[in-house]
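Q: I've got a model open and I'd like to learn how to read its features one at a time. Could you walk me through it?

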Amino acid sequence: MRFELDAVYVEEEMRATALARRVIAALPPGVPIRHVPDGRIAARADRAAADPFAAGKRRMVIMRRRSRFLTGCPAASNEFACCGYLVMELASNCPMDCGYCFLQEFVADNPGFQVYANYADAFAELDRVRAGADRPLRIGTGELADSLAFDSLTGMSRDLVRYFAGRDDLTLELKTKTDEIENLLEIDSRGRTLVSWTLSPERVFRSSEHRTAPPAARIAAARRVLEAGYRVGFHLDPIIACDGAERDYSALLDEVFAAVPTARIEFISLGGLRMTPGLRAAARRRFPRDPMLLGEEVLAPDGRYRAFAPLRMRLYEAINRRIAREKSGARVYLCMENAAIYRRVLGAAPPAPAALGAALADGKRRDG
Amino acid sequence: MSAPADEAAIREWAAARRLPAPYLARWLELGPEDRAALLETAVGLRMRAGQLIAAFDLMEEISVRDARPVAAILARAEVRRILDGSGSGPGRAAALLGALRAIRFPRLARATERITCEIAALGLPRGIRIAPPRELASGEIRIELAAHGSEDLRGLLDALSRRAAELARIADLVAGVGWNDDEI
Ligand code: SF4
């Protein structure tokens, strides 16, 4: 996949880094490169632009990360069942543009596509964290950015996979909607990297997931990395409860199970569409003609718009039944739903975050 | 180019009702038929600005979702019945909003209707209130008892336990269980 850039800004201090050099060498001709004293300023929203968020996505900013690289998952809270995930923030924002994406609200003020050239510092941080950890850890890079978008420019995945390949107590999760896997195929991950694809039915893809790889291409990429020794998982998230959704998600799972050996899928996570009022307003402003943003969502007790509860639970149950029919042994979990809904849909109380996180890090499947 | 014939009337209506400028702008951006149909509705039902805003938002959303113009939504039989009906303007305006909500949220409307009917069919005494969550936003049902003294309370509890099976079914419906395929 190739994404277009209007310009690349490189923080003076970072211009000699390996990452800056790699990006500049791989840039297509004609993309202007500007050196700036402070990348944070270049990443700020250009309020004069018609769509400052979209403009930010086309502006890569290579800069130093000034705060910690490792954080808890932004979705984690006492309110929800949680998968015990640590996030490694190596980039912020994404060149793709999904109508429902929470980044529209989360990074609205600094939407420049930031890539942190000092990412090797994250490895030192991680070494310190693992020294104090009493369980295997699962670390993801795909929360504030897609893990593989622009990997053809940054080549970051190679360093990441190599680092994790040498550490049996860690699992790296690269989460993506691209098929940008060429770098991965060159490296032996020693089973320490799991690549997960967020999947949506064709109708949702066409309506809302702009510039992402088509679902069939994502599934094909999953098969290829699996064959190359990576572990794979899938996120059906957000699940959009449009008319015909049960049929659409079932057909999507048919495709997945036909292409990827089911016994080797580690997990399938499920999460219904959820939007804060601010995100919903921003999304509708940016995509006023997207019918996927006009489902039967109501304001839920957690302050987010979600499909009304019976509809949402029925859909979760139908999807879970389809997965169960496959007897794949893949672990199924719900993202950002409360314990009552978790129990209702999956028939068991949610495991403690640490336990689920450790099981996912270990690669333990439901039957494992 | 001269302004469309109804523009002055729309502006006049908006000024009289203090319709916020962004809504006026959106109204004027509609195609001629949609704009006129909305004006006819606003005038005919003597709508307040808040009602027009709510109706406008719902109609725009329906229009995008169903790829149908606003005039076509206002021409639907269930809407036309309200517009052509004989009740008071404010009453019909409220009914119009209800009808538009049901078109915008058809599955929610059906689900709410079924649950409401099932609760009514229980014939529970006054003092027991079965409250499904607002807009079925959560899967949780509430049962409230208002009793004067122990005898009263015992009566309510007896009435509840006689209807335990039906109540359990309603609780399941609220939690997404027991629906027919085409219902939601
Ligand atoms: S791919 Fe992910 S991060 Fe990128 S726009 Fe879509 S939802 Fe957002």
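Q: Let's start with enclosed space. How many cavities of 30 Å³ or more does a search of the whole structure find?
A: Keep in mind that this is a predicted model. The search over the whole structure turns up three cavities at that cut-off of 30 Å³. The largest cavity holds about 140 Å³ of space.

Q: Which residues lie nearest the centre of the largest cavity?
A: Its lining has 14 residues, and A:Leu90, A:Ala91, A:Asp146, A:Ser147 and A:Met156 are the ones nearest the centre. By element, β8 (113-116), α6 (151-154) and α7 (156-165) of chain A give two or more residues each to that lining. As for chemistry, the largest cavity's lining splits into nine nonpolar, three polar and two charged residues.

Q: What about open space? What is the volume of the largest pocket?
A: The largest pocket comes to about 950 Å³. It is lined by 40 residues, with A:Phe102, A:Glu143, A:Lys175, A:Asp237 and A:Arg274 closest to the centre. Elements giving two or more residues to this lining are β7 (97-98), α4 (103-106), β10 (170-176), β13 (231-239) and β15 (274-275), all of chain A. Sorted by type, the lining of the largest pocket has 22 nonpolar, six polar and 12 charged residues.

Q: And how much space lies in the second largest pocket?
A: About 530 Å³. Look at the chain letters when you read its lining: of 22 residues, the closest to the centre are A:Arg284, A:Pro288, B:Arg26, B:Glu60 and B:Glu61. At the level of elements, α12 (277-286) of chain A plus α2 (21-29) and α4 of chain B each supply at least two lining residues. The tally by type for the second largest pocket is 11 nonpolar, one polar and 10 charged.

Q: I noticed A:Asp237 beside the big pocket. What kind of peptide bond joins A:Asp237 and A:Pro238?
A: Start from the general idea: most peptide bonds are trans. Here, the bond between A:Asp237 and A:Pro238 is cis, with omega about 10°. A:Pro238 sits in strand β13 of chain A, and β13 is one of the elements giving two or more residues to the lining of the largest pocket.

Q: While we're on backbone angles, where is A:Phe150 found, and what is its phi?
A: The background is that most residues other than glycine have a negative phi. A:Phe150 has a positive phi, near 75°, and is located in the loop between β9 (137-140) and α6 of chain A. With a relative accessible area of 3%, A:Phe150 counts as buried, because the cut-off is under 20%.

Q: A:Met336 is another one I'd like to check. Is A:Met336 buried or exposed?
A: Buried, with a relative accessible area of 9%. A:Met336 also has a positive phi, about 55°, although it is not a glycine. You'll find A:Met336 in the loop between β18 (331-334) and α14 (339-346) of chain A.

Q: Now a charged side chain: which residues is A:Arg312 in contact with, leaving aside neighbours within four places in sequence?
A: They are A:Arg306, A:Ala307, A:Glu337, A:Ile341 and, from chain B, B:Ala137. A:Arg312 lies in helix α13 (residues 309-325) of chain A. At 6% relative accessible area, A:Arg312 is buried.

Q: How about B:Leu28: which helix does B:Leu28 lie in?
A: Helix α2 of chain B. B:Leu28 is buried, at 17% relative accessible area. Beyond neighbours within four places in sequence, B:Leu28 touches B:Glu7, B:Ile10, B:Arg11 and B:Arg35. To see how separation in sequence compares with separation in space, take B:Asp6: B:Leu28 is 22 residues away along the chain, and their C-alpha atoms are 9.4 Å apart.

Q: Last one, the core. Which residues have the most contacts inside the largest nonpolar core?
A: That core has 167 residues, and the ones with the most contacts inside it are A:Met60, A:Met88, A:Trp197, A:Leu236, A:Leu270 and B:Trp27. Helix α4 (residues 49-66) of chain B gives the most to this core, with eight residues. The core also takes at least three residues from each of domain 1 (3-104) and domain 2 (106-183) of chain B, whose C-alpha centres lie 35 Å apart. For a close-up, pick A:Leu270: not counting residues up to four places away in sequence, its contacts include A:Leu236, A:Ile239, A:Tyr316 and A:Val332.

Terms used:
Residues numbered from 1 in each chain as written. Chains lettered and ligands numbered in written order. Predicted model: local features only at pLDDT ≥ 70, side-chain atom pairs only at ≥ 80, totals over all residues. Heavy atoms only, no water. Core = buried A, V, L, I, M, F, W, Y, C linked by side-chain atoms within 4.5 Å. Buried < 20%, exposed > 50% of the residue type's maximum accessible area, 1.4 Å probe, protein only. Helix = DSSP H or I, 4+ residues; strand = E, 2+ residues; numbered from the N terminus. Domains from an automatic or database assignment. Contact = heavy atoms within 4.5 Å. 1 Å grid on protein atoms, 1.4 Å probe; cavity = no way out; pocket = protein on both sides within 12 Å on 5 of 7 lines; lining within 4 Å. Points joined across faces, edges and corners; volume = space filled by probe spheres on them. Nonpolar A, V, L, I, M, F, W, Y, C, P; charged D, E, K, R; others polar.
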